[in-house]
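Hi,

Here is the structure I promised to pass on. Have a look at it first, and my notes follow below.

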Amino acid sequence: MLLLLLGIISLHVAALVLLFVSTIVSVWTTSETTTSDLWINCTLTNGGYQCEPASTGVWIQAVQALMILSIIFSFLSLFLFFCQLFTLQKGGRFFLTGTFQILASLFVMSGAIIYTVMSSGWIQKTDSFGFSYILAWVAFPLALISGLIYVILRKRE
Amino acid sequence: AKTKLTLIIIIMLFKHKQCQSQAIVIYTGWERHALVGSDIRLSCSFFSWRWTSEDVTFSWTYRPDGSRDSISIFHYTGGVPYVDNKGPFRDRLEFVGNPGRRDGSILLKNLDFSDNGTFTCDAKNPPDIVGRPSSVRLLVFEKVPIQAGVITGAIIGVVLGLLVLIVAIYYLMRFLVARRVFNLSVRSVPGLCPAALCQPGLCQGLGLTPEPIPGTETCVAKQA
């Protein structure tokens with residue numbers, strides 16, 4: 001029982017950490033000398049890395065907002081899990097926790113999809129996707145599975 | 001001798017303060033944004049301890065982005081404004097300032113992308129001529145760019161607001177239903193009350209059942 005609990009919590013925390021890293025580290029697009037998005041664009045020059053704020057287009061701001069919302073909802077889901085762990089009656093399901101976690105995964109998915117489709121508008125053809133972008137795509141199924149587990153799980157004493 | 005020295009130092013400091021306070025201070029904007037084809041008013045005013053003299057002069061110079069040379073585009077002296085009639089702003093420059101009120105603003109009409117650059121205003125109010133010219137940067141856009149973070153904040157605010165609203169409505173409904181403020185009534189076949197009247201969460205644990213109100217066609221959730 002305790003093992004199951006630890007497993008579920010570590011899955012949730014892993015998804016949360018991936019979301020954090022993906023949002024905070026600005027490496028959604030990379031090339032030989034530059035890394036860009038989500039917040040700053042950095043170029044490798046003779047004097048080291050030179051960074052400037054990312055473009056302020058509508059789509060980048062939408063992706064920023066969706067990533068931040070997914071972090072907030074995942075956090076709320078973790079908090080609600082601990083709340084419901086102690087207040088839910090026996091046999092009850094963690095619906096609220098699961099809903100928030102599934103919403104978080106949907107936000108990540110929308111953010112990643114918007115970035116994939118619209119980023120051709122501001123990055124060059126020679127650039128490739130960076131590790132933050134990949135982490136966002138990995139965080140999506142982890143969060144989704146975690147949310148589904150919460151919905152299926154039943155509380156036992 | 002010591003008092004003489006301190007007296008000399010105090011007088012020198014006073015004179016220095018006087019000299020400092022006689023510098024002219026010029027104010028323009030820091031950066032101005034405008035759309036292509038629009039007009040913009042570049043303001044320039046100064047502060048001086050002296051009265052505004054009749055020989056007050058204003059002069060504007062323009063340095064395009066990426067260039068090192070400045071070109072003089074406007075000069076006001078002897079009560080007469082002289083606007084640019086040969087340079088990049090010929091027929092587009094107008095003097096809209098009031099030198100009597102220490103205002104040396106100019107109006108640029110029909111802006112274009114080539115007008116991006118730095119405009120420097122230099123004002124002199126004889127005998128107060130020591131001062132630093134002040135510069136304003138002009139940025140011409142095709143359309144007004146969205147500020148960083150506006151849409152981000154808006155999306156986050158709307159979603160969180162909806163969340164708070166849904167939670168508030170949920171608790172409000174539970175509160176009102178539990179206090180019997182709402183009598184859940186349903187038009188139905190007389191004598192037949194649907195069990196669907198009992199909403200989940202309302203009947204569970206509270207021991208409520210639907211009961212027809214005599215003489216009417218409606219039911220009410222009553223304690224079992």
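How much area is buried between chain B and chain A, and what percentage of it do carbon and sulfur atoms give? Please keep in mind that this is a predicted model. The buried area comes to about 1,000 Å², with carbon and sulfur atoms giving 80% of that. On the chain B side, the residues that lose the most area to chain A are B:Thr152, B:Ile156 and B:Leu163, and together they account for 40% of what that side buries.

In terms of contacts, 12 residues of chain B meet 13 residues of chain A. The side of chain B that touches chain A has nine nonpolar and three polar residues, with no charged ones. Zero salt bridges are found across this interface, while five residue pairs are in polar contact, both partners being at pLDDT 80 or more.

Now for the interior. The largest nonpolar core has 26 residues, and those touching the most other members are B:Phe58, B:Trp60, B:Ile73, B:Phe74, B:Ile106, B:Leu108 and B:Phe119. Several strands of chain B each supply at least two residues of this core, among them S5 (57-64), S6 (71-77), S10 (117-124) and S11 (134-141). B:Phe119 is a good place to start browsing: beyond its neighbours within four places in sequence, its contacts include B:Leu42, B:Trp60, B:Ile73, B:Phe89, B:Leu108, B:Val136 and B:Leu138. There is also a second, separate core of 14 residues, including A:Trp28, A:Ile71, A:Ala136 and A:Phe140.

Best wishes

Definitions and conventions
Residues are numbered from 1 along each chain as its sequence is written. Chains are lettered from A and ligands numbered from 1 in the order in which they are written. This is a predicted model: local features need pLDDT of at least 70, side-chain atom pairs count only at pLDDT 80 or more; totals for chains, interfaces and linings use all residues. Side-chain values use heavy atoms; hydrogens and water are left out. Contact means heavy atoms within 4.5 Å. Buried area is the accessible area (1.4 Å probe) that two parts lose on being put together, summed over both. A salt bridge is a side-chain nitrogen of Lys or Arg within 4 Å of a carboxyl oxygen of Asp or Glu. A polar contact is a pair of N or O atoms within 3.5 Å; within protein, one must be able to donate a hydrogen and the other to accept it, and residues adjacent in sequence count only if both atoms are side-chain atoms. Ala, Val, Leu, Ile, Met, Phe, Trp, Tyr, Cys and Pro count as nonpolar, Asp, Glu, Lys and Arg as charged, and the others, Gly among them, as polar. A nonpolar core is a set of buried Ala, Val, Leu, Ile, Met, Phe, Trp, Tyr and Cys residues joined through side-chain atoms within 4.5 Å. Buried means under 20% relative accessible area, exposed over 50%, partly exposed in between (1.4 Å probe, protein chains only). Helices (H or I, at least four residues) and strands (E, at least two) are DSSP runs, numbered from the N terminus.
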